[in-house]
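Visitor: I have a model open at the bench and would like a short tour. Could you take me through it?

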Amino acid sequence: MGVKISADELQVLFDALPDVVFFVKDHAGRYTHANLTLVRRLGLKRREEVIGHSVTELFPTALSSSYASQDKRVLAGEVIENQLEVHIFSNRSPGWCLTCKRPLEIRGKVGGVVGISRDLGQPDGRHPTYVRLRRVIAHLQEHYADSVRVQTLADLADLSVAQLERHFRRVFQLTPQQVLTKLRIEAAMRLLRGEDSVAAIGLACGFADQSAFARQFKATVGMTPRDYRAMVAAQAEKRESGATSL
């Protein structure tokens with residue numbers, strides 16, 4: 001008979017990992033378990049301030065609706081593996097992470113969600129293919145707004161497509177497509193601090209149309225481009241008013 005580990009024990013183990021968020025939620029989306037990393041990133045001091053609350057109570061509305069929608073998919077039976085996301089917490093700079101969520105079965109039925117989000121680590125510069133893969137990264141950085149073929153990237157690294165995918169995961173923890181998405185979203189986040197229209201920014205960052213841009217941005221950042229722009233503007237206004245009061 002296999003050894004079973006309770007959520008309480010997992011929570012204690014994940015408390016020791018400052019770069020990993022661990023959580024369990026019930027069927028109503030309320031946290032039943034949360035490691036200290038999540039507690040601290042929410043700007044809170046005690047685990048009890050998270051337990052029993054939902055994302056709508058702990059995150060800004062623009063973010064919570066996206067998280068709640070994701071949880072709803074998992075409660076319906078979907079498994080989310082290595083979803084590339086930008087996590088925005090009030091007490092730290094936005095950070096890239098990979099999120100995994102699974103349905104939690106209780107007596108044969110889905111009764112909750114269990115998941116982790118781990119911070120994206122540094123590339124493995126000691127890997128034998130690192131130098132060749134850097135050529136691919138340089139190409140993506142220069143051409144992220146263009147249509148990019150995976151075969152072209154594989155040719156740049158002198159690898160097959162299968163080898164390219166495998167080595168990218170080993171070195172960067174991401175697929176080439178995820179790296180391209182990351183570059184496009186980062187560029188969009190910079191441009192949204194300016195005055196260009198959302199549609200123009202989407203096209204400038206390589207998205208086919210405004211709808212595709214909005215869909216990918218929300219899936220990655222947790223809010224629409226317009227909501228992100230409004231949040232950035234509100235943060236800037238708050239900083240300026242604080243400086244003025246001094």
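Visitor: In what order do the strands of the open sheet run?

Guide: Happy to help! The sheet is open and has 5 strands, with antiparallel pairing; strands are DSSP runs of E of at least two residues, helices are runs of H or I of at least four, and both are numbered from the N terminus. Two strands pair if DSSP finds at least two bridges between them. The order is β2-β1-β5-β4-β3.

Visitor: Which strands are at the edges?

Guide: First, a word on the source: this is a predicted model, where local features need pLDDT of at least 70 and side-chain atom pairs pLDDT 80 or more, while totals for chains, interfaces and linings use all residues. Residues are numbered from 1 along each chain as its sequence is written, and side-chain values use heavy atoms, leaving out hydrogens and water. An edge strand pairs on one side only, and here these are β2 (31–34) and β3 (80–87).

Visitor: Which residue of β4 is the bridge partner of Val 86?

Guide: β3 pairs with β4 (residues 95–106) in the antiparallel sense, over 6 bridges. In β4, the partner of Val 86 is Trp 96.

Visitor: At what angle does α10 run to β3?

Guide: α10 lies across both β3 and β4, where contact means heavy atoms within 4.5 Å. Axes are lines fitted to C-alpha atoms, for helices over the stretch in contact, and angles run from 0 to 180 degrees between N-to-C directions. The angle between α10 and β3 is about 90°.

Visitor: Why do the buried residues of α10 lie on the same side?

Guide: Ala 212, Phe 213, Phe 217, Thr 220 and Val 221 are buried in α10, buried being under 20% relative accessible area, exposed over 50% and partly exposed in between (1.4 Å probe, protein chains only). They share a side because the arc they cover around the axis, taken from the directions from the helix axis to the C-beta atoms, is only 130°.

Visitor: Is Asp 71 buried or exposed?

Guide: Asp 71 sits in helix α4 (residues 61–75). Not counting residues up to four places away in sequence, Asp 71 touches Lys 25, Lys 101 and Val 113. With a relative accessible area of 5%, Asp 71 is buried.

Visitor: How far apart are the C-alpha atoms of Phe 59 and Ile 88?

Guide: Phe 59 is in the loop between α3 (55–58) and α4, and is buried with a relative accessible area of 9%. Along the chain, Phe 59 and Ile 88 are 29 residues apart. Their C-alpha atoms are separated by 9.3 Å.
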